[in-house]
Amino acid sequence: MQTTLSTLSSEWMDGSTILIFLFIFIFLADYLKNRRPFNFPPGPWALPLIGDVHRVHPSRIHSQLAEFAEKYGNIFSLRLFGGRIVRSTGGEKTERYGSCWEQRSLALSNGNPWKQQRRFALHTLRNFGIGKKSLEPSIQQESHYLAEAFAHHKGRNWEPFNAKTLIHNAVSNIICCLVFGERFEYTDKQYHAILKSFDNIMQLQGHFMVQVYNSFSWLMKWLPGTHQRIINEIKTVMDFVDMKVQEHKRNFDPSSLRDYIDCFLAEMGEKEDKESGFDMENLSVCTLDLLTAGTVTTTTTLHWGLLYMIYYPHIQEKVHAEISAVIGSSRDPSITDRENMPYTNAVIHEIQRMANIIPLNVVRVASKDTMVGNYTIPKGTIIMATLDSVLNDESMWETPHTFNPQHFLDQDGKFRKREAFLPFSAGKRVCLGEQLARMELFLFFTSLLQRFSFSMADGEQPSLDFQLGALRCPKPYRLRAMVR
């Protein structure tokens, strides 16, 4: 009996020793891998393995970063997403940073594939009208469809409704025409399901479990949770894109190129070239990039815009007055009207500034060892040059936390540009669709304000509260659109 107990004790000690050794090894390996480099930006003391995940609340991370900046300075570091992140103000020159992601696509690729794909996308989209007046009629026509859809909701008592889905459909139809060669009716249930998947992907990325997945994907991919729902939603959208790509491949006519997909197939030719990114898999991924970037950002900005008009009715009245004076009610707004409408232009810019829909910007990775401020940033460090810090910079804006169109007007009431207005980011990776977004925002916004006066539903109080996922979005609200 004593021998048996001794044997069990010995086995227990052996097991305990192994377990203790394993934990010590893991913590030591974590320390050696993630120890703070020499002359690295300061930051909070990170815990082993989980880093600073416990400190960050995804629903208000942009506000927390501002709080960290007050304590550690405008350039500081955190351990998130499985590595060290350096946060700097958006005013730092983003040209210093590249992107070392191994993923393919327009947004996350690097080096020659990125150069090839960005150059090709810019050239192709310009050929189909981006940055040119030739695209204006398509946006004007879609504005008509959107206004008609709004008018259908008036009913007997000007019934209130949530306008987001209609705006989403309208905005997405512009980029769909460019990449798919077709638009989708507002009654198309299949496409509504795709738009809903886009919404879910954007919103769910603010969930804590998704942040954990970003840090421990090797483990979390086997476990249930919100991250699995996002993966399924992405698959739904990718299946839709793949279906459209295959349709184009079956009907491809090199003598009649209809859209981005056709042009990509023509560029690729008979043989795929994965080194430059011209292959079928990357075609689907790049198409999804364009569809996402060309839809959710402008939709969210317009959704904020109508909310601000409801919240500040005196500003809405001034926009109505300028539209009546410059455009009237008998013709469509045109992009050439913008220079004669400084107040409306200022309001749209202020909507973009205050909406601050991508407060964290798109993260980058240092492509080489570099200096930011007085700190050394090693190659491979994730860089977060936040736009929130610029769009709300108290040293750059007269009333940074107030919706104030005067930010973009001089003392004579003329429109003025502001150096700190960077909603599309800056540098070599500035938003690919900036010109398209600017045209859409002006034409959709003025078209809606030309036709309607917007107010909140009776008994409902307008709120500027937000929800933060992949984008900073207004919380769901209903509006009443009354024909002017």
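1. Start with the surface: Leu47, Leu49 and Ile50 make up a nonpolar patch there, sharing about 220 Å² of accessible area. A patch takes residues with over 30% relative accessible area and no salt bridge, joining like charges within 9 Å and nonpolar side chains (Val, Leu, Ile, Met, Phe, Trp, Tyr) within 5 Å. A salt bridge, in turn, is a side-chain nitrogen of Lys or Arg within 4 Å of a carboxyl oxygen of Asp or Glu. Areas are Shrake-Rupley values with a 1.4 Å probe, and for residues only the protein chains shown count as cover.

2. Before going on, keep in mind that this is a predicted model: local features need pLDDT of at least 70, side-chain atom pairs count only at pLDDT 80 or more, and totals for chains, interfaces and linings use all residues. Residues are numbered from 1 along each chain as its sequence is written, and side-chain values use heavy atoms, with hydrogens and water left out.

3. Back to leucine 47, which sits in the loop between helix 1 (2-34) and helix 2 (61-72). Its relative accessibility is 35%, so leucine 47 counts as partly exposed. The scale runs like this: buried is under 20% relative accessible area, exposed is over 50%, and partly exposed is in between (1.4 Å probe, protein chains only).

4. Now the whole chain: it has 16 helices and ten strands. These are DSSP runs numbered from the N terminus, helices being H or I with at least four residues and strands E with at least two. Of the 484 residues, 50% are buried.

5. Alanine 170, in helix 5 (residues 164-179), is buried because its relative accessible area is 0%. Leaving out residues up to four places away in sequence, alanine 170 touches Glu142, Leu146, Tyr186 and Phe444; contact means heavy atoms within 4.5 Å. Serine 143 is 27 residues away along the chain, yet its C-alpha lies 7.4 Å from that of alanine 170.

6. Helix 6 (residues 189-204) has 16 residues and spans 22 Å between its first and last C-alpha, close to the 22 Å expected at 1.5 Å a residue. That expectation is 1.5 Å times one less than the number of residues. Its buried residues include Tyr191, Phe198 and Asp199. At the N-terminal end, aspartate 188 is the cap, with a side-chain oxygen 3.1 Å from the backbone nitrogen of glutamine 190.

7. Last, threonine 370 in strand 4 (residues 370-372). Threonine 370 has a relative accessible area of 16%, so it is buried. Setting aside neighbours within four places in sequence, threonine 370 is in contact with Tyr375, Thr376 and Ile377.

Key. Polar contact = N/O pair within 3.5 Å; in protein donor to acceptor, adjacent residues only side chain to side chain.
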